[in-house]
Amino acid sequence: MTRIGSSDLSVFPLSLGGNVFGWTADREASFAVLDAFVAGAGDFIDTADAYSAWVPGNSGGESETIIGEWLASRRPQGLVVATKVSQHPQFRGLSAANVRRAAEASLERLGVDAIDLYYAHFDDAEAPLEETVAAFGQLVADGLVRNIAVSNYSADRIREWIEIARSTGVAQPVAVQPHYNLVHRNEVEETIVPLATEFALGLVPYYALASGFLTGKYRSTDATDQTSPRAAGAAKYATEHGLRIIDALEEVGDAHGASITATALAWLRAQSAVVAPIASARTADQVPDLLAGARLELSAEEIARLSSVSEWTPAQV
């Protein structure tokens, strides 16, 4: 178990991504994934109110609805559920009124009394940051949200948020959700990690497996024969450098009898300030590899080797 920043939340060191629920995983498949995750001791679920509005026929909120129906059906104890605001088609932006309405809609879809961890999904340049910080603080004061966090914010804007929260006496963020993995490191390690260390923020990285590339399934730059919607996203990492990373992951994993997936997650878990990488599964049989990544302990030499082979990966990839 690991603690999320300065909060009182302790979680299994892997977060199950809910972005596929209502997209590549229908209700039945999503229930099976959630069942397998909890059966394996998982207790940290990540979603957003916008998931999965991009799917034809969807309107947003499908993932939260499925998770809420599963929670009502299974009634599990001790789960930590995180969701986000700013991208739902009906609740765009981070004005105070919108944040409140979106939170209430998420609570209804999830069927919970309070959101354990509530993220500002993307920065909103049109909403004064003071207004957004106050709105999130009020949600905590009113008991609708237990802890707040930010996702996809620059280090400067996170610092500004914290300074405003401190000066006004409202709840401060306890976590940051950055895009971070073995093929996307520089930006996070240069700017976000030092800030997280300074303010005791926990990192909960998304794209922990680089759209599936770090599973080792996509070793070709040609994704035309792949049926997965994520194949094209994974294929862009299949450069000469990217494939060297996969080879190193495979060799390190083989020494532990572990998969490339589990090894990539284990490396990320070992990085400074990381609480729990986020990884998703569209079928229950993909869950064990993710859980294994939360338990695999790499040696200092193995971590250093993987860090070295991925060191020059451009941050903008």
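# Close-up views of a predicted model

**Figure 1. The loop that holds A200.** A200 lies in the loop between helix 6 and strand 11. In this predicted model, the phi angle of A200 is near 55 degrees, a positive value in a residue other than glycine. The residue is partly exposed, with a relative accessible area of 40%. Strand 11, at residues 202–203, stands at an edge of the sheet and has a single partner strand, so one side of strand 11 is left without a neighbour in the sheet.

**Figure 2. The open sheet and its strand order.** Eight strands make up an open sheet, with parallel pairing and the order 11-10-9-8-5-4-3-12. Strand 11 and strand 12 are the edge strands; each has a single partner, so each keeps one side without a neighbour in the sheet. Strand 5, residues 80–85, runs parallel to strand 8 and is joined to it by four bridges. Within this pairing, T83 has Y118 of strand 8 as its bridge partner. Four bridges likewise join strand 9 to strand 10, and these two strands also run parallel. Here A149 has A175 of strand 10 as its bridge partner. Strand 10 is mostly covered, with five of its five residues buried.

**Figure 3. Helix 4 against the sheet.** Helix 4 lies across strand 5, strand 8 and strand 9. Relative to strand 8, the helix runs at about 170 degrees. Helix 4 spans residues 129–141 and is also among the elements that cover the buried residues of helix 5.

**Figure 4. S86 after strand 5.** S86 is placed in the loop between strand 5 and strand 6, the latter at residues 87–88. Its phi is near 135 degrees, a positive value in a residue other than glycine. With a relative accessible area of 3%, S86 is buried.

**Figure 5. Helix 5 and its surroundings.** Helix 5 comprises 14 residues, 155–168, and reaches 20 Å from its first C-alpha to its last, close to the 20 Å expected at 1.5 Å a residue. The buried residues of this helix include A155, I158, W161, I162, I164 and A165. An α-helix has 3.6 residues a turn, so residues three or four places apart point the same way. The cover over the buried residues of helix 5 includes strand 8, helix 4, strand 9, strand 10 and helix 6. The helix is followed by G169, whose phi is positive, near 75 degrees.

**Figure 6. Aromatic pairs and a charge over a ring.** The structure holds eight aromatic pairs. One of them joins Y51 and W54 edge-to-face, at 5.8 Å centre to centre and with 70 degrees between the planes. Y51 counts as buried because its relative accessibility is 13%, whereas W54, at 44%, counts as partly exposed. Y153 and W161 form another edge-to-face pair, with 5.8 Å between centres and 75 degrees between planes. Both Y153 and W161 are buried. Ring pairs link these two residues with Y118 and F136 into a cluster. In addition, the charged end of K84 sits over the ring of Y119, 5.7 Å from the ring centre.

**Figure 7. The cis peptide bond at Y51 and S52.** Y51 and S52 are joined by a cis peptide bond, with omega at about -5 degrees. S52 lies in the loop between strand 4, residues 44–46, and helix 2. The ring of Y51 also takes part in the edge-to-face pair with W54.

**Figure 8. The setting of W70 in helix 2.** W70 is placed in helix 2, which covers residues 62–74. The relative accessible area of W70 is 1%, and the residue is therefore buried. Leaving aside neighbours within four places in sequence, W70 is in contact with F31, L34, D35, V38, I45, R75, P76 and L79. The C-alpha atom of W70 is separated by 30 Å from that of T263, which is 193 residues away along the chain.

**Figure 9. The covered helix 9.** Helix 9, at residues 260–269, is mostly covered, with ten of its ten residues buried. Among them are T263, W267 and R269. The buried residues of helix 9 pack against helix 6, helix 8 (240–254), strand 12 (278–279), helix 10 (287–293) and helix 11 (300–309).

Methods. Residues numbered from 1 in each chain as written. Predicted model: local features only at pLDDT ≥ 70, side-chain atom pairs only at ≥ 80, totals over all residues. Heavy atoms only, no water. Phe/Tyr/Trp six-rings, centres within 6.5 Å; stacked < 30°, edge-to-face > 60°. Buried < 20%, exposed > 50% of the residue type's maximum accessible area, 1.4 Å probe, protein only. Lys NZ or Arg CZ within 6 Å of the ring centre and 35° of its normal. Contact = heavy atoms within 4.5 Å. Expected span 1.5 Å × (residues − 1). Pairing = 2+ DSSP bridges. Axes fitted to C-alpha atoms, helices over the stretch in contact; angles between N-to-C directions.
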